[in-house]
Amino acid sequence: MLPEDEHIDVEGLFLKMRNKGYTISRATIYNTLDLLVESGLAVKHQFKDKVALYEQALTYKHHDHHVCNQCQKIREFSDPKINEIKESISKDFRSKITSHSLVLYGDCLIENCENLTSSQSF
């Protein structure tokens, strides 16, 4: 199982499984992830034009994302003001909002950011 805040792509999952001695094809991973998303056990994200990333949904609490343009670090956050905006829009449009997706992209201002030197990619 992935840590709660980890996002992984198919290639990363394939390599983790291979390193643990499993013999599995990428096609099997794609098909299995599709089934996990369909059944609500995983969540699929598409950040900008990058490959799809997945996160586990067993303990999933809705959250939004911040993605650094330089180091590609993905941070999760929740802000009650976003729910207030959803409620306001729901009233304005006379619509029951059932889901939303918010991704903020920013430029890293952290001096000597440890993520800029890591091999993390997506």
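User: Before we turn to this predicted model, how is the hand of a helix crossing defined?

Analyst: A crossing is called left-handed if the near helix is turned anticlockwise from the far one by less than a right angle, and right-handed if the turn is clockwise. In this structure, which is a predicted model, helix 1 passes helix 2 in a right-handed crossing.

User: At what angle do helix 1 and helix 2 pack, and how far apart are their axes?

Analyst: The angle is taken between N-to-C directions, so it can run from 0 to 180 degrees. Here helix 1, covering residues 10–19, and helix 2, covering residues 26–38, pack at about 120 degrees, and their axes lie 10 Å apart.

User: Which residues meet where helix 1 contacts helix 2, and what is the make-up of that contact by class?

Analyst: From helix 1 come Val10, Glu11, Leu13, Phe14 and Met17, and these meet Arg26, Ile29, Tyr30 and Leu33 of helix 2. Sorted by class, the contact holds 7 nonpolar and 2 charged residues, with no polar ones.

User: How does one read the length of a helix, taking helix 2 as the case, and what follows helix 2?

Analyst: One compares the distance from the first C-alpha to the last with the span expected at 1.5 Å a residue; helix 2, with 13 residues, reaches 18 Å, close to the expected 18 Å. Helix 2 is followed by Gly40, whose phi is positive, near 85 degrees.

User: What does the same reading give for helix 3, and what is found at its two ends?

Analyst: Helix 3 (residues 80–93) has 14 residues and spans 20 Å between its first and last C-alpha, close to the 20 Å expected. At its N-terminal end helix 3 is capped by Asp79, a side-chain oxygen of which lies 2.8 Å from the backbone nitrogen of Lys81, while just after helix 3 Arg94 takes a positive phi of about 45 degrees.

User: In what order do the strands of the open sheet lie, and which strands form its edges?

Analyst: An edge strand is one that pairs on one side only, and in this sheet that describes strand 4 (74–77) and strand 5 (103–106). The open sheet has 3 strands in the order 4-3-5, with mixed pairing, and neighbouring strands are turned by 25 degrees against each other on average, direction ignored. Strand 3 (residues 64–68) and strand 4 run antiparallel and are joined by 4 bridges; His66 has Arg75 in strand 4 as its bridge partner.

User: Where do these elements sit in the pattern of the whole chain?

Analyst: Along the sequence the protein chain follows α-α-β-β-β-β-α-β, with 3 helices and 5 strands.

Note on methods
Residues numbered from 1 in each chain as written. Predicted model: local features only at pLDDT ≥ 70, side-chain atom pairs only at ≥ 80, totals over all residues. Heavy atoms only, no water. Contact = heavy atoms within 4.5 Å. Nonpolar A, V, L, I, M, F, W, Y, C, P; charged D, E, K, R; others polar. Pairing = 2+ DSSP bridges. Expected span 1.5 Å × (residues − 1). Polar contact = N/O pair within 3.5 Å; in protein donor to acceptor, adjacent residues only side chain to side chain.
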